[in-house]
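Let us work through how salt bridges can be read from a structure, by question and reply.

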Amino acid sequence: MSVASHTPSAAPITFEKAELRSWKIPIALGVLAALALVVFGVFGRPGESRFRISTGNDFFQIPDAVLPTIAAGWVFGVLLLALAAYAWWLVHSHRKVSLWVTIAFAGIFLFAFLTWVSAGELIPLPGLLIGAVGLSVPLIFGAMSGVISERSGVINIAIEGQLLGGAFVSAMVATLTGSPWVGLLAAMVAGVLVSFVLAAFAIKYLVDQIIVGVVLNVLVTGLTGFLYSKVMTADPSRLNSPPRFERIGIPVLEQIPVIGPVLFNQTIIVYVMYVTVALVAFALYRTRWGLRTRAVGEHPTAADTVGIKVNLTRFINVSIGGAIAGFGGAYFTLGSVGAFTKEMTAGAGFIALAAVIFGRWDPIRAMLAGLLFGFATNLQSVLGIIGSPVPSQFMLMLPYVVTIFAVAGLVGQSRAPAADGKPYVKF
Amino acid sequence: MSDTKQPQPGDELVATVPEDELQQPSRWSNALKEILGGSVMLSVASVLLALVIGGVLIAMTDPKVQAASAYFFNQPFDTFAAIWDSVSGAYWALFQGSIYNFRRPDFATGIRPLFETLNFATPLIAAGLGVALGFRAGMFNIGGRGQMLFGAAAAGWVGFAFDFPVGIHLALALLAGISAGALWAAVAGYLKAKTGANEVITTIMLNYVAYYFVYWMLSTPGLLQAPGSNNPKTPAMKETAVLPLLLGERYSLHLGFVLVIAATIFVWWLLNRSSLGFKFRAVGENPHAAKVAGINVNRMYIYVMLIAGALVGMAGVFQVLGTVTTGFSAGIDAGIGFDAITVALLGRSRAWGVFAAGILFGAFKAGGFAMQVSQGIPIDIVLVVQSMIVLFIAAPPLVRAIFRLPKPNPLALAKNEKLNGKKAVVTK
């Protein structure tokens with residue numbers, strides 16, 4: 001902070017190269033790899049782990065994979081250690097640890113963990129992954145909503161409310177009209193309405209965005225709960241039995257083992273999700289809208305100077321985010337369960353928020369975080385069936401703990417857009 | 001902003017407005033303007049507005065109103081009568097359930113709902129004070145749920161697992177709960193101080209971590225689970241640990257209410273009379289300025305979260321030792337951790353404001369249950385009204401526009417600021 005106020009010396013000016021090496025990732029990976037070696041290898045559980053890979057519908061059948069648990073634990077542990085060493089080498093030679101190293105590490109670690117817990121049991125891999133994708137759909141839609149509005153500088157804590165509003169309205173409208181498509185549209189409108197309140201209070205009345213978000217969640221919970229108990233339960237067959245979307249298998253692709261049933265035999269909402277993530281990722285970094293959004297979120301004054309309407313951009317972004325989250329809310333009713341129940345989102349909006357932060361406000365990373373969180377939640381229920389050595393509550397805790405680590409900067413640095421949460425007032 | 005007379009070295013910076021100039025138009029019209037434009041009127045208007053919206057919802061979803069509105073153009077009066085019946089019935093039930101029940105024969109039983117209200121208000125006020133304290137230091141504590149759960153778990157554990165003499169047992173349980181809440185909250189404060197992690201995110205995440213952790217303890221034999229049971233629930237509290245009833249068996253009011261009054265006085269003293277509270281407020285107003293003034297901002301973040309968590313943990317203690325003494329499950333926080341945020345906002349983060357707001361929301365809760373039973377109106381309407389109140393209070397221009405309230409007089413404000421010892425630099 002202090003500024004040297006000496007007279008300039010006559011010595012030649014030498015530029016020092018800034019050291020921007022961050023050892024956090026290699027250290028974190030190293031610790032995790034060591035942990036894996038100890039738990040999965042040294043204290044491995046005896047027996048064999050079986051994985052079912054194929055479903056009846058595939059091109060060709062792959063027999064169940066059988067791994068000796070302890071030996072596999074050692075192999076995976078060594079692999080993880082090698083990856084950690086690679087990350088260390090990258091940082092040592094002043095290069096960035098790419099996202100792929102982290103993803104590969106997370107994948108192997110998860111698989112090693114699966115092998116460890118399933119000693120003497122059989123895990124149906126396709127079923128596990130299908131469930132994981134299903135659980136992560138609303139998380140990913142919610143995370144996209146969060147990314148879009150936070151990148152433009154409006155904190156979106158109301159994701160939970162947007163999801164819940166979408167779920168409620170879609171169930172009701174789809175039942176009344178008999179068409180899930182109209183229900184989807186209505187869900188988007190509901191999401192936009194919630195967003196509109198957020199935007200109006202945050203941008204027009206300059207109310208603290210966190211306060212509005214928290215209060216909006218309560219408001220939507222109360223409103224949907226009230227209408228559900230008072231109106232919907234009075235006549236569930238006329239108001240709360242929406243038609244559901246059927247699974248659509250994409251020909252050929254759906255028959256690829258593992259990937260096919262997981263990714264290409266889903267409802268239309270999941271396919272829209274793939275497109276949405278791709279679109280958001282492309283638009284945010286490659287289009288005029290994306291550049292403006294990021295400018296408004298990072299430095300609104302500069303954006304205003306070059307003629308970008310800051311508050312209008314934010315208003316539009318928050319609305320788009322609301323539409324996306326509302327769409328994701330429809331998945332709860334039209335895509336999976338069918339009927340609406342009170343508080344059926346059960347905190348998914350907050351996990352989506354966690355995914356936004358863990359994904360560092362980047363659409364692709366946020367999607368991966370959403371998938372990871374969905375996987376952890378589903379793994380917990382699968383392990384509940386086969387009986388696991390880890391209490392299920394600790395599995396459920398995982399998304400929140402990793403988010404705390406991410407926010408605290410222990411694993412990588414998670415930095416919000418500079419103007420996130422700061423209203424822009426033009427003087 | 002503050003209601004104290006802190007002598008400040010910079011007092012002479014305040015632009016002095018001559019007394020007679022302030023009183024120029026008329027003292028009374030000024031006073032009236034101040035009342036109309038001030039925060040009290042704003043709060044009242046917000047509550048009214050929210051109640052009106054709640055009334056609209058109640059009327060719209062009432063089948064009788066819907067039936068009558070089908071022939072609105074033939075007999076409009078029927079519709080209005082139905083609306084009046086529906087809404088007045090609901091709010092009358094709310095009143096009877098929260099303040100005085102006129103259907104009871106004598107005063108002693110008729111007044112019972114009022115104590116019910118105070119009972120609901122007790123944990124709300126305690127948790128609200130915690131959140132408000134955080135607000136004043138610029139910390140947004142959404143972690144009420146987690147802090148309550150840990151407070152409840154610790155107090156409950158001491159309450160059912162140990163045998164101590166009367167008095168000591170209760171004191172120890174209270175102490176355990178308060179410390180657990182304080183420590184859990186301090187995690188967020190520590191992370192903010194050491195790494196700059198946003199406390200909003202960490203407290204939200206810590207809520208879930210606490211929930212699953214307490215749930216795990218509740219469903220693990222030997223920790224919190226009742227022996228011989230498979231449910232995630234604790235055994236009943238020992239008699240010696242339960243908060244004693246204040247007014248005999250007939251009224252449910254327990255010692256917690258006295259403790260919460262003491263807590264309110266403590267928070268008022270802390271914020272307005274103590275040097276630590278002054279530092280908290282300085283950090284809340286402007287952390288950079290506070291740092292320049294020599295205040296250790298990071299340490300204040302930890303301290304304020306410790307005290308805030310202690311207060312919220314106290315709310316958890318009231319839940320397990322006062323409200324539900326027959327053993328608790330993971331839903332023991334009953335949403336109070338989140339309600340506390342609205343209580344703190346409605347109370348404008350002042351100690352006594354929070355106290356009043358807590359009693360109002362306690363009345364909503366007590367009356368809401370009565371309304372649900374007698375009128376068939378789901379208790380969720382209370383959530384709608386509460387959140388509406390906070391939204392309106394948070395956006396004064398909106399409420400002023402709706403009620404056409406005058407803007408607060410800048411000169412009068414300046415005078416107040418001066419009295420309060422704040423540096424308000426008024427030009428002209």
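The dialogue below turns to salt bridges, their partners and their exposure.

A: This is a predicted model, in which local features need pLDDT of at least 70, side-chain atom pairs count only at pLDDT 80 or more, and totals for chains, interfaces and linings use all residues. Residues are numbered from 1 along each chain as its sequence is written, chains are lettered from A and ligands numbered from 1 in the order in which they are written, and side-chain values use heavy atoms, with hydrogens and water left out.

Q: How many salt bridges are there over all chains?
A: A salt bridge is a side-chain nitrogen of Lys or Arg within 4 Å of a carboxyl oxygen of Asp or Glu. By this rule there are 6 over all chains, including the one between A:Asp235 and A:Arg238, with N to O at 2.9 Å.

Q: Where do A:Lys342 and B:Asp380 lie?
A: These two residues form a salt bridge whose closest N and O atoms are 3.1 Å apart. A:Lys342 lies in the loop between α13 (310-337) and α14 (348-358) of chain A, whereas B:Asp380 lies in helix α17 (residues 380-394) of chain B, so the pair joins two chains. Helices (H or I, at least four residues) and strands (E, at least two) are DSSP runs, numbered from the N terminus.

Q: Is B:Asp380 buried or exposed?
A: Buried means under 20% relative accessible area, exposed over 50%, and partly exposed in between (1.4 Å probe, protein chains only). B:Asp380 is buried at 6%, while A:Lys342 is partly exposed at 36%.
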